[in-house]
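The following questions and answers concern the structure shown below. Each answer sets out its grounds before it closes on what was asked.

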Amino acid sequence: MITMLLKLLSEAGDEAVLSGSAARPYYGPVFDRLLKARILVEQAPLEDWDLCNECQCGLLARPVRPFGDRFRADCPLDASRDVVLERDDLRVFEISVAVLMGEIATAAGFDQPPVEIIKSLWCLGETRSGRGIYYGLNLASLNRSSLIAVIRQSNKAGQATIITQKASPATKQWLREAGIDHANVGDVIKPAENRLGFVFGHHALDAATGAPELIVQIKAAQIEWQGRSATFSHQIFPVFQRLLEKAGSRDAIASGPFLEDTSGREAKDLIRELRDQMKTAGFSDAESKSLIKTARNRGYFLGVDAESISVIG
Ligand SMILES: [Zn+2]
C-alpha cells in the first residue's frame, strides 16, 4: 500500500490523489490505519464523472445521479455508454505528503519532523554520523543545481543520501558527481504488516553510501555478504564467476548453457551446489536464493547490483 502511494506521488507530485477504484484492492486494516493516521484524507465524493471517449455531447463532465443503491453517469447522446457506479467509485482520497514523510522519518528513528526544503524535496533527518537523509518525491521535476545547493546548505557534515523512485543512470551519475548518494525507495521502504504497513531499512542506506554489498575474493574462492562469508569449492567457484561476469553486463542473467559451459553438468545442479555451499557456511536457504537468484525460464543472476560488488584478485 505505502509503496503504491509513494509511486503515485513520484508520478503526480504532491497533488496526487487516490481514486476509490484504485484504492479498493487495498481496503482493509492497513488502509484504515492510513486514514486514521491522516496519511490518506477522504475528500467529498465525486459529483461528476469523465465524459465517454471523444464524446460530442458538449458537457465538461457527466453529472452523477443516484440509481437505487448505486449511482449512474449517463451520456446524453448514447445510452450504451452510460455507466453504473458503486459508492466506492466516487470516493477520493488526498495523500498528505507531510504526514507521510513524518511517518517515514519516525520509522527511520529520526525525532524531528521532516522539512520540505524545496518543493518535492524533503529532509527526513540526520543519522547519528551526521548524514543527511532526503526524500525526493519527483526527481525529474527538480532543478539539478538548486537541489545540490540546498542539500549542501542543509547538511553541514557534507554527507547526504537521497531516496527516490528508481533513478536513471544519468541521474545517478550527476548525483554521484555532486557527492550525493542515492537509494531506491523500494530498497529502503519495505512493506510490512506493522502499524502503517511499512518498515524503514537503514542497511539499504548504508549500502548506498558506497561500501560494497558483496566482496568476492577470487583467489580464495570466497564471498562476503551481509556480514558473513562463504568459501566455495574450486570445482564450483567458476560457476559463481560466470554469474559475476554477467552481473557487470547489460543483461545480468546468465543462461543455463552459459553456466554449464564450465563443467558439463546441468545448470540447476550447479546452482543448487552453490547455494548448498552458502548454506554450509551458515546462510539460510532464503538468503542463498536472494544472492543467487532464479529468473524463471531464463537462467540465474546475482541479486546485487554490479556497482555494489567489489572483486579482489
Ligand atoms: Zn458521451
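Q: Is A149 buried, partly exposed or exposed?
A: This is a predicted model, in which local features need pLDDT of at least 70, side-chain atom pairs count only at pLDDT 80 or more, and totals for chains, interfaces and linings use all residues. Residues are numbered from 1 along each chain as its sequence is written, and A149 lies in helix α5 (residues 144–154), where helices (H or I, at least four residues) and strands (E, at least two) are DSSP runs numbered from the N terminus. A residue is buried if 20 or more other C-beta atoms, placed from the backbone, lie within 10 Å of its own, exposed if 12 or fewer, and partly exposed in between. A149 has 13 other C-beta atoms within 10 Å, so A149 is partly exposed.

Q: How far apart in space are A149 and L270?
A: In sequence, A149 and L270 are 121 residues apart. In space, their separation from C-alpha to C-alpha is 51 Å.

Q: Which domains does the assignment give, and how far apart do their centres lie?
A: Domain bounds here come from an automatic or database domain assignment. That assignment gives domain 1 (97–208) and domain 2 (214–312). The distance between their C-alpha centres is 31 Å.

Q: Why does the chain count as more spread out than a compact globule?
A: The chain holds 12 helices and 20 strands. The globule rule, 2.2 Å times the number of residues to the power 0.38, gives 20 Å for 313 residues. The radius of gyration, taken over C-alpha atoms, is well over that value, so the chain is more spread out than a compact globule, at 25 Å.

Q: What spans does the C-alpha trace have along its principal axes, and what percentage of the residues count as buried?
A: Along the principal axes, the C-alpha trace of the chain spans about 75 × 50 × 35 Å. Of the 313 residues, the share that counts as buried is 29%.

Q: In what order do the strands of the open sheet with β8 and β12 stand, and which are its edge strands?
A: Two strands pair if DSSP finds at least two bridges between them. The open sheet has 5 strands with mixed pairing, in the order β8-β9-β10-β11-β12. Two of these strands pair on one side only, and these edge strands are β8 and β12 (180–184).

Q: Which helix packs on this sheet, touching β9 and β10?
A: The twist of the sheet averages 35 degrees from one strand to the next. Axes are lines fitted to C-alpha atoms, for helices over the stretch in contact, and angles run from 0 to 180 degrees between N-to-C directions. Residues are in contact if their C-beta atoms, placed from the backbone, lie within 7 Å. The helix touching β9 and β10, with a direction about 25 degrees from that of β9, is α4 (residues 97–107).

Q: In which sense do β10 and β11 pair?
A: Strand β10 (residues 132–136) joins strand β11 (residues 160–164) over 4 bridges. Within this pair, I133 stands opposite T161. The sense of the pairing is parallel.

Q: How many residues are in the largest nonpolar core, and how many in the second?
A: A nonpolar core is a set of buried Ala, Val, Leu, Ile, Met, Phe, Trp, Tyr and Cys residues joined through C-beta atoms within 7 Å. The largest core has 40 residues, and among those with the most contacts inside it are M101, I104 and I189; its largest share, 6 residues, comes from α4. A second, separate core, which includes I223, A230, L244 and A267, has 25 residues.

Q: Which residues is I189 in contact with, leaving aside neighbours within four places in sequence?
A: I189 is one of the residues with the most contacts inside the largest nonpolar core. Beyond its neighbours within four places, its contacts are I2, L6, I104, F198 and F200.

Q: Is I271 buried or exposed?
A: I271 is placed in helix α11 (residues 267–280). Outside its neighbours within four places in sequence, I271 is in contact with I292 and Y300. With 24 other C-beta atoms within 10 Å, I271 is buried.

Q: Which residue in the turn between β4 and β5 has a positive phi?
A: Strands β4 and β5 (residues 70–73) run antiparallel and are joined by 4 bridges. They form a hairpin with 2 residues between them. The turn residue with a positive phi, about 65 degrees, is G68.

Terms used:
Two residues are in contact if their C-beta atoms, placed from the backbone, lie within 7 Å.
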